[in-house]
Amino acid sequence: KDASEKARVEQDLLRTQLTALEVVVTENSEEATVRWHQLEEAGRVATENASTEQSMLRSQLVALDERLQALAEEAKSQYHQLEEAGKDAAEKTRAEEESLRTQLHALHGRLEGLAGNVCDTSEEASARWQQL
């Protein structure tokens, strides 16, 4: 009877421990399930945020690319304008140089003429002086 009583007490103790263990396992399982759902939600939110940010960055990249293309076109246009202005300035400089060269030749011719006149006049004056 003592052994039977002892076996029943041990059985009750084991049953109590098993029940306590089931409660702990159930609580841990519920906690793990709640935590799992929290992590799933956090992952979903992070994915949405990353997708939104990626979309925003993509839009900014497209806008920057368009602005860069516009700046490149503007720079190209300004380069061509400067190139044409340089050609025009070079042509104008060549024309002015040619005009100055022509004027210089004309002046040179006039100076030679004047020098000839001075010589003739000088010879005439000398001849007259001699006559006097």
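The paragraphs below go through a predicted model of one protein chain, starting from its overall form and ending with particular side chains.

In terms of secondary structure, the protein chain consists of one helix and zero strands, and the helix, labelled α1, covers residues 2-131. The overall dimensions can be read alongside that assignment, since the C-alpha trace of the protein chain spans about 185 × 25 × 15 Å along its principal axes. The radius of gyration gives a second view of the form: the protein chain has 55 Å, whereas a compact globule of 132 residues would have a value near 14 Å.

What share of the 132 residues is buried? Buried residues make up 0% of the protein chain, where buried stands for a relative accessible area under 20%. The area that the protein chain exposes is about 12200 Å², and carbon and sulfur atoms supply 59% of that area.

The charged side chains come next. The protein chain carries 27 negative and 15 positive side chains, yet the centres of these two sets lie 3 Å apart. The structure holds nine salt bridges, and several of them can be followed residue by residue along the helix.

A convenient place to begin is Arg 44, for which two salt bridges can be described. On one side, Arg 44 pairs with Glu 41, with the closest N and O atoms 2.3 Å apart; both residues belong to helix α1, and their spacing of three residues corresponds to about one turn of the helix. On the other side, the side chain of Arg 44 meets that of Glu 48 in a salt bridge, also listed at 2.3 Å from N to O. Because Arg 44 and Glu 48 are four residues apart in helix α1, about one helical turn separates them. As for exposure, Glu 41 counts as partly exposed because its relative accessibility is 38%, and Arg 44 is likewise partly exposed at 38%, while Glu 48, with a relative accessible area of 41%, is partly exposed as well.

Elsewhere in the helix, Glu 84 and Lys 87 form a salt bridge through their side chains, with an N to O distance of 3.8 Å, which falls within the 4 Å limit used to assign such a contact. Lys 87 and Glu 84 are three residues apart in helix α1, so they are separated by about one helical turn. Lys 87 has a relative accessibility of 48% and therefore counts as partly exposed, and Glu 84, at a relative accessible area of 42%, is partly exposed too. Salt bridges with shared partners also occur as a network, in which Glu 5, Arg 8, Asp 12 and Arg 15 are joined together.

Arg 15, a member of that network, also serves as a reference point for distance along the chain. How far from Arg 15 does the C-alpha atom of Glu 96 lie? The two C-alpha atoms are separated by 118 Å, and the residues are 81 apart along the chain. Glu 96 is itself found in helix α1, and it counts as partly exposed because its relative accessibility is 43%.

Methods: Residues numbered from 1 in each chain as written. Predicted model: local features only at pLDDT ≥ 70, side-chain atom pairs only at ≥ 80, totals over all residues. Heavy atoms only, no water. Helix = DSSP H or I, 4+ residues; strand = E, 2+ residues; numbered from the N terminus. Rg over C-alpha atoms; globule rule 2.2 N^0.38 Å. Buried < 20%, exposed > 50% of the residue type's maximum accessible area, 1.4 Å probe, protein only. Areas by Shrake-Rupley, 256 points an atom, 1.4 Å probe, with all protein chains shown as cover. Lys, Arg positive; Asp, Glu negative; His and termini not counted. Charge placed at Lys NZ, Arg CZ, Asp CG, Glu CD.
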